[in-house]
Structures are given as C-alpha cells and as structure tokens.
Amino acid sequence: MTILLLAGSPSIPSRSTRLLQHVGERLAARGHRHVKLHVLDLPAEALLHADFGNRDIRRAQDSVAQAEAVVVATPVYKAAYSGILKAFLDLLPQSALKAKTVLPLASGGSPHHMLALDYALRPVLSALGARHVLPSIYATDAQELWSEQDGLAIDAGIAQRIADGVEHLSASLPALRDAADYDPVHFSQVRCSV
Ligand SMILES: Cc1cc2nc3c(=O)[nH]c(=O)nc-3n(C[C@H](O)[C@H](O)[C@H](O)COP(=O)(O)O)c2cc1C
C-alpha cells in the first residue's frame, strides 16, 4: 500500500506542491512509499464536464483507491480550496476515502484564511468517508521561500507542524491496517437539525 500525494494547484511552479513534495521526502525518509497525482495533469475537459468514464480520470480514481493514506495540498483561492481540486474530488466515488487517513496542507497569501482547510475542505473529506483527517497545516507564502540555489526554506514553526503531521500520519497506518471495515453514512441518510 502507498501514500498518495495529491496536488491541487492549477499553477506551475506551485508553493503548495512544494510543501507537498517536502512532506513526501519526509515520508520517504521514514520508509513510506508514495505516489504523486497532480490534478493539473488530468484532462481539463473531463474535469469540467464531470466525465467519470474518462480513462485518465479512472486511473486517478484508482490511485486514490489503492492508497492507504492521502496527503492533499491546495492553494487557498477566494477563501477556500482550489476549484480544480473540487472538480477532481467531485469525480471520486462517494466512499473514496473510506478507511484512509488524510493530511490536508494549504498555502495562502495571508494568514487570514488559515481556517479555510477546516471549514471548506475537511467536511468534503469527511463526506468521502475519510477515517482520520489529521490537523491541517497552513503556510503563508512568506513562510515558505524558494530559490534555485538553496531550494525550499520553511519557517521553523511550519517545519515543526509538518514533522508532527508526518509523525501522526505514519503512526496511524498500522491501526488502519488492523481496523475492521466500517461503512460511512451515505449522504442520503444524513440527518440534519436546523
Ligand atoms: C485566484 C487566486 C485567488 C487567491 N485567493 C486567496 C485567498 O482568498 N486567500 C489567500 O490567503 N490567498 C489567496 N491567494 C494566494 C494563494 O493562495 C497563494 O499565493 C498560494 O500559496 C498559491 O499556491 P500555489 O502556488 O500552490 O498555487 C489567491 C491566489 C490566486 C491566484
């Protein structure tokens, strides 16, 4: 089983994808295998037209299905996560994250939207059946600097949050393997009180 690194930025180069890459390196250092999926590489028309049967979309769905954990990275766009990431998540089966651990990451231009992962992305991950959604990691652009010469320089506080996130993710894997399957509640059965 592998860990899927899911990059949700429409940009190249991408700050959030660099953070994701950093997480991937830390996971590799702990001996975890990972595969990468950049939503930007998927066919735009299939994403926009919700073409569930498209060959590349199906392959991407398989990558999610085969992963035991997912690290998902997104830029903050208009106080939420990116539209291209939503387009992809909309094409996943309802229980696509069933029995998986998810670690959400985001980069944003300012600290003002640091809760975007928690109020916007986390409910979607839960609706897709994620067993554990670990504490989110948010970095502002000023907290992750990049140069060709020196590579990625991350603020010490963010680096520590990433180290903790990787630790939690790693620790959750044996429990996931041992846990009995459970069925997430289908959205048609969700009851709300108003
Ligand atoms: C269209 C657009 C909308 C954005 N909206 C926000 C926003 O609402 N809040 C914020 O903090 N940053 C916002 N930003 C800044 C990006 O989130 C930030 O630069 C991020 O690190 C970009 O990540 P990426 O390089 O992986 O795409 C926006 C950027 C763009 C291009």
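Tutor: A crossing of two helices counts as left-handed if the near helix is turned anticlockwise from the far one by less than a right angle, and as right-handed if it is turned clockwise. The model before you is predicted: local features need pLDDT of at least 70, side-chain atom pairs count only at pLDDT 80 or more, and totals for chains, interfaces and linings use all residues. Residues are numbered from 1 along each chain as its sequence is written, and side-chain values use heavy atoms, with hydrogens and water left out.

Student: In which hand does helix 1 pass helix 6?

Tutor: Helix 1 passes helix 6 in a right-handed crossing. Helices here are DSSP runs of H or I with at least four residues, strands are runs of E with at least two, and both are numbered from the N terminus.

Student: Why are helix 1 and helix 6 called oblique to each other?

Tutor: Helix 1 and helix 6 (residues 156-178) pack at an angle of about 50°, and their axes are 10 Å apart. Angles under 35 degrees count as roughly parallel, over 145 as roughly antiparallel, 65 to 115 as roughly perpendicular, and the rest as oblique. Helix 1 and helix 6 are therefore oblique to each other.

Student: How many residues surround the ligand, and which are the closest?

Tutor: The ligand is surrounded by 17 residues, and the closest are S9, S14, S16, V76 and D141. To be counted, a residue must have a heavy atom within 4 Å of the ligand.

Student: What makes the pairing of V76 with the ligand a polar contact?

Tutor: A backbone N or O atom of V76 lies 2.6 Å from an oxygen atom of the ligand. A polar contact is a pair of N or O atoms within 3.5 Å, so this pair qualifies. A backbone N or O atom of K78 is 3.0 Å from a ligand nitrogen atom. For H113, a side-chain N or O atom is 2.8 Å from a nitrogen atom of the ligand.

Student: What is notable about phi of K78, and where is this residue found?

Tutor: Phi of K78 is near 45°, a positive value in a residue other than glycine. K78 is found in the loop between strand 3 (67-75) and helix 4 (83-89).

Student: What kind of peptide bond joins I12 and P13?

Tutor: The bond is cis, with omega about -5°. P13 lies in the loop between strand 1 (2-7) and helix 1.

Conventions:
Polar contact = N/O pair within 3.5 Å; in protein donor to acceptor, adjacent residues only side chain to side chain. Axes fitted to C-alpha atoms, helices over the stretch in contact; angles between N-to-C directions.
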